[in-house]
Amino acid sequence: VLPAPLAPVVKTHTVAARSRFNIWVNTQDAALASAEVSAVITSTNQVPVIVERAMYRAVGSQTFGAGHEAAGVEAPGLQWYFAEGATGPFLDLFFLIANPTSQAANVTARYLKPDGSVVVKTYQVPENSRFNIWVDYEGAELADTAVATTFEVTNGVGVVIERALWWGGDITQWYEGHNSAGAQATGTKWGLA
């Protein structure tokens with residue numbers, strides 16, 4: 001049984017024109033100092049902005065020794081696609097689901113393995129919450145494999161999904177990671193910079 005989600009913490013910031021603004025989430029509120037969070041950032045005066053999320057961890061004596069970053073997405077969706085992912089003794093794969101609505105989301109994950117087999121799992125993501133899937137621990141068939149993954153919300157509640165991958169052994173030894181938001185549609189042509 002999952003703990004009941006906490007009420008959202010709401011903060012207002014002013015961002016100067018033509019500038020970069022940093023929000024260090026851990027210092028915003030006591031409830032955020034040591035918490036797993038997702039966020040919705042809204043420009044209240046309709047001035048367009050771009051939002052990214054960075055996450056860091058200490059490695060040895062180096063405060064920002066490892067980390068990853070992802071761009072935000074413009075809206076929740078009902079479909080999410082990820083081409084990359086891997087689990088195993090050196091790699092730890094996570095899917096992070098934000099449900100910014102007042103209704104629980106029913107989510108079906110399809111983990112696509114290199115041999116063509118598909119492992120299907122279902123999750124219920126509580127309202128106004130962040131949900132974490134540590135794929136390495138979702139069953140023996142996912143404990144040591146490469147995967148591509150698709151997600152479908154089956155009850156019409158839009159969510160946001162990211163994929164994070166950390167490596168270096170167990171959680172105490174991670175020294176690097178990367179992250180990406182999923183695609184909300186497949187396509188026939190893609191550009192990579």
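The largest nonpolar core of this structure holds 24 residues. Phe95, Ile97, Tyr111, Ile133, Phe151 and Ile161 have the most contacts inside this core. The model is a predicted one. The points below take the cores, the strand pairing, some single residues and one pocket in turn.

**The largest core and a separate one**

- Strand 3, strand 4 (91–99), strand 5 (105–112), strand 6 (118–125), strand 7 (129–134), strand 8 (148–153) and strand 9 (160–167) each give two or more residues to the largest nonpolar core.
- The element that gives the most to this core is strand 5, with four residues.
- Another core, of six residues, lies apart from the largest one. Among its members are Phe94, Ala164, Trp166 and Trp174.
- Tyr111 is one of the residues with the most contacts inside the largest core. Leaving aside neighbours within four places in sequence, Tyr111 is in contact with Phe95, Ile133, Leu142 and Ala148, among others. Its contacts also include Ser117, Val118, Val119, Lys121 and Tyr123, as well as Val135, Val147 and Thr149.

**Strand 9 and its partners**

- Seven of the eight residues of strand 9 are buried, so this strand is largely enclosed by the rest of the structure.
- Strand 9 pairs with strand 4 in the antiparallel sense, over eight bridges. In this pairing, Phe95 stands opposite Arg163 of strand 9.
- Strand 9 also pairs with strand 10 in the antiparallel sense, here over six bridges. Leu165 stands opposite His178, a residue of strand 10.

**Trp167 and Trp174**

- Trp167 is found in strand 9. Leaving aside neighbours within four places in sequence, Trp167 is in contact with Phe90 and Leu91, and also with Gln173, Trp174, Tyr175, Glu176, Gly177 and His178.
- Trp167 and Glu141 are 26 residues apart along the chain, and their C-alpha atoms are separated by 20 Å.
- Trp174 lies in the loop between strand 9 and strand 10. Its relative accessible area is 8%, and a residue counts as buried when that value is under 20%, so Trp174 is buried.
- With neighbours within four places in sequence left aside, the contacts of Trp174 include Arg57, Val59, Asp92 and Phe94. Trp134, Trp166, Trp167, Gly168 and Gly169 are also in contact with Trp174.
- Between Trp174 and Gly65 there are two separations to note: 109 residues in sequence, and 9.8 Å in space from C-alpha to C-alpha.

**Thr108 in strand 5**

- Thr108 has its place in strand 5.
- Thr108 has a relative accessible area of 11%, and is therefore buried.
- Leaving aside neighbours within four places in sequence, Thr108 is in contact with Val120, Lys121 and Thr122. Thr150, Phe151, Glu152 and Thr154 are further contacts of Thr108.

**The second largest pocket**

- The space in the second largest pocket comes to about 300 Å³.
- This pocket is lined by 13 residues, and those nearest its centre are Tyr81, Phe82, Ala83, Ala183 and Trp190.
- Strand 3 (79–82) and strand 10 (176–181) each supply at least two residues of the lining of the second largest pocket.
- By type, the lining of this pocket divides into eight nonpolar, three polar and two charged residues.

Terms used. Residues numbered from 1 in each chain as written. Predicted model: local features only at pLDDT ≥ 70, side-chain atom pairs only at ≥ 80, totals over all residues. Heavy atoms only, no water. 1 Å grid on protein atoms, 1.4 Å probe; cavity = no way out; pocket = protein on both sides within 12 Å on 5 of 7 lines; lining within 4 Å. Points joined across faces, edges and corners; volume = space filled by probe spheres on them. Nonpolar A, V, L, I, M, F, W, Y, C, P; charged D, E, K, R; others polar. Core = buried A, V, L, I, M, F, W, Y, C linked by side-chain atoms within 4.5 Å. Buried < 20%, exposed > 50% of the residue type's maximum accessible area, 1.4 Å probe, protein only. Contact = heavy atoms within 4.5 Å. Pairing = 2+ DSSP bridges.
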